[in-house]
Amino acid sequence: MMTNDPLAALKAARDLDQPAFISLLAQDQVRELSKSTPDGPLAGVPFAVKDNIDVAGVPTTAACPALTTAAAEPAFAVRRLQEHGAVPIGKTNLDQFATGLVGTRSPYGACHSVASPGHVSGGSSSGSAVAVALGVVPFALGTDTAGSGRVPAAFNGLVGVKPSRGLVSTRGVLPACPSLDCVTTLTRTVADARVVLDALIGYDPADPYARPMPVAAPAGVARWMRVIAVPDGPMDLDPEHEAAWRAALAHAESVAHVVRVDVGPFLAAARLLYEAAFVAERLAAFGHLLGEDESVDPTVRRIVLGASRFSGADAFAGMHELARLRRRAEQAFLGADALLLPVTPGHPTLAAVATDPVGVNSRLGTFTNMANLLDLSAVAVPAGKRPDGLPFGVQLLAPAFADGPLLDLAARWTGEAAAEPAARTLLAVAGAHLTGQPRNADLVRLGGRLHSRARTGPGYRMYTVDGALPRPGLVRTGDGPSGGIELEVWDLPEPALGALLPTITEPLHLGPLTLDDGSTALGFVADRTCADPTRDITAHGGWRAYLATR
């Protein structure tokens with residue numbers, strides 16, 4: 001439960017032995033803001049704000065001391081929180097101009113992980129993460145363009161939520177990459193993250209990149225996430241990270257059904273952010289502020305001004321390559337609800353960053369840089385500790401606007417409560433009605449939405465069935481594989497079944513179908529006359545996998 005003592009939080013911030021804060025509000029200001037707060041879960045709750053986000057009356061420095069003009073009004077996100085009763089107490093340190101993942105590129109000093117004075121805190125939302133991890137505030141705002149919220153969350157044992165792009169307005173945020181920037185949250189629990197995100201979400205017509213949450217879930221996004229995709233091969237991880245990652249994979253098996261996918265398109269997209277012309281968006285956004293001022297971090301200046309080498313043709317070439325990679329990456333979510341990845345390949349020391357500031361920082365973005373380029377929602381969650389005792393974090397990624405279901409999955413990951421949504425009529429499908437298949441449009445037209453991905457219980461086999469439309473038949477033979485066969489469970493209005501019945505032709509019919517969790521749903525099944533061994537495609541594990549071989 002969140003504390004509601006802003007003055008105590010202000011005192012704790014003043015007593016910190018880390019440079020987590022760049023500026024603090026005066027005691028009288030905090031006391032005044034604490035008066036007459038509305039009822040609700042955020043009433044009187046103190047929070048910290050990354051210093052590239054406006055708080056009224058306080059300069060927004062982005063860790064550049066030359067920027068001294070006080071903000072005339074709060075950023076849209078800060079205003080939303082204040083309208084829900086939350087009280088800002090100060091502005092937090094960051095990698096200058098939100099350019100970095102290490103937390104050391106600041107003239108106000110480098111933060112370190114709360115678990116080790118010799119290891120980086122992660123950035124660019126370094127101060128926000130440290131303030132939450134040390135218990136100064138229950139939550140803090142950060143930003144995440146390339147991983148700036150998720151990396152410090154992982155290095156400090158926190159939950160870091162990167163919402164879908166545009167879902168939380170960035171008006172009042174000093175931009176890094178305006179088309180990619182996201183306001184993010186850092187909390188100690190998923191429950192707290194959910195409360196804060198609910199307060200932040202609100203369409204802002206004055207923000208050119210704002211997008212409203214769709215009334216209906218996007219196609220392919222399940223309300224109840226039961227299938228997690230993991231990489232189908234080894235990852236480039238430091239030895240301590242590798243050990244923690246293996247433990248995380250084992251934990252994933254206890255949370256959901258796990259499938260393996262090719263993550264090559266995701267990693268290739270991540271490289272585009274700084275190796276292609278996309279970095280020039282930073283030059284356009286704040287290049288004019290870099291100048292020759294001695295307070296500008298030399299690494300930040302070199303990275304951003306170096307983007308001038310790219311041409312307009314380079315920018316379009318990068319956009320075209322990203323579009324190709326996006327199409328390939330989408331395949332991972334056809335049979336899975338979310339993708340599980342480490343947040344970083346390792347946890348570098350402050351000394352390592354000092355020796356190679358660009359190389360070490362670049363490697364940290366291996367698994368995070370692509371999230372906004374590919375238009376994904378993401379949640380970083382703690383995943384235990386490495387053998388050396390440092391926190392280890394993983395991230396769950398899903399398509400845009402899957403934020404709510406993704407938080408439910410994150411809650412199950414951390415062991416917090418996440419109630420399964422109440423269903424209307426559930427229908428299990430295994431063939432032509434799957435997402436992306438020819439008859440899926442029938443379910444959508446009837447008001448259906450994807451409830452969950454699942455598998456059959458043991459004892460089912462799958463056979464090809466004659467007809468104008470290629471389709472399979474599920475038969476309970478009693479000797480099917482223990483791992484089951486791929487299914488989707490759809491949530492339909494009750495009248496939809498009546499409308500669907502005339503479209504079902506023999507030998508298929510609707511009947512009870514046992515799922516891998518032991519529950520039963522109505523589903524498309526076939527009678528035993530379809531059990532022709534020459535038509536048995538069970539070994540493929542599902543209809544889509546079978547079609548991929550044809």
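These questions and answers walk through a helix pair and some salt bridges in a predicted model.

Visitor: At what angle do helix α3 and helix α6 pack?
Guide: Helix α3 covers residues 76–83, and helix α6 covers residues 190–200. Their axes lie 8 Å apart. The angle between α3 and α6 is about 110°.

Visitor: Is α3 roughly parallel or roughly perpendicular to α6?
Guide: The packing angle is about 110°. Angles of 65 to 115 degrees count as roughly perpendicular. That makes α3, relative to α6, roughly perpendicular.

Visitor: How many nonpolar residues does the contact of α3 with α6 have?
Guide: From α3 come F76, A77, R80 and L81; from α6 come V196, D198, A199 and L200. By class, 2 residues are charged and no residue is polar, while the nonpolar ones number 6.

Visitor: Is R386, in its salt bridge with D388, buried or exposed?
Guide: The side chains of R386 and D388 meet at 2.5 Å, N to O. D388 is partly exposed, at 37% relative accessible area. Buried means under 20%. With 7% relative accessibility, R386 is buried.

Visitor: How many residues apart are D466 and R535?
Guide: D466 and R535 form a salt bridge, with the closest N and O atoms 2.8 Å apart. D466 sits in the loop between β14 and β15, and R535 in the loop between β18 and α18. The separation is 69 residues.

Visitor: Which helix holds R544, the salt-bridge partner of E486?
Guide: E486 and R544 are each buried, E486 at 13% and R544 at 13%. E486 lies in strand β16, 58 residues from R544 in sequence. R544 lies in helix α18.

Technical notes:
Residues are numbered from 1 along each chain as its sequence is written. This is a predicted model: local features need pLDDT of at least 70, side-chain atom pairs count only at pLDDT 80 or more; totals for chains, interfaces and linings use all residues. Side-chain values use heavy atoms; hydrogens and water are left out. Axes are lines fitted to C-alpha atoms, for helices over the stretch in contact, and angles run from 0 to 180 degrees between N-to-C directions. Helices (H or I, at least four residues) and strands (E, at least two) are DSSP runs, numbered from the N terminus. Angles under 35 degrees count as roughly parallel, over 145 as roughly antiparallel, 65 to 115 as roughly perpendicular and the rest as oblique. Contact means heavy atoms within 4.5 Å. Ala, Val, Leu, Ile, Met, Phe, Trp, Tyr, Cys and Pro count as nonpolar, Asp, Glu, Lys and Arg as charged, and the others, Gly among them, as polar. A salt bridge is a side-chain nitrogen of Lys or Arg within 4 Å of a carboxyl oxygen of Asp or Glu. Buried means under 20% relative accessible area, exposed over 50%, partly exposed in between (1.4 Å probe, protein chains only).
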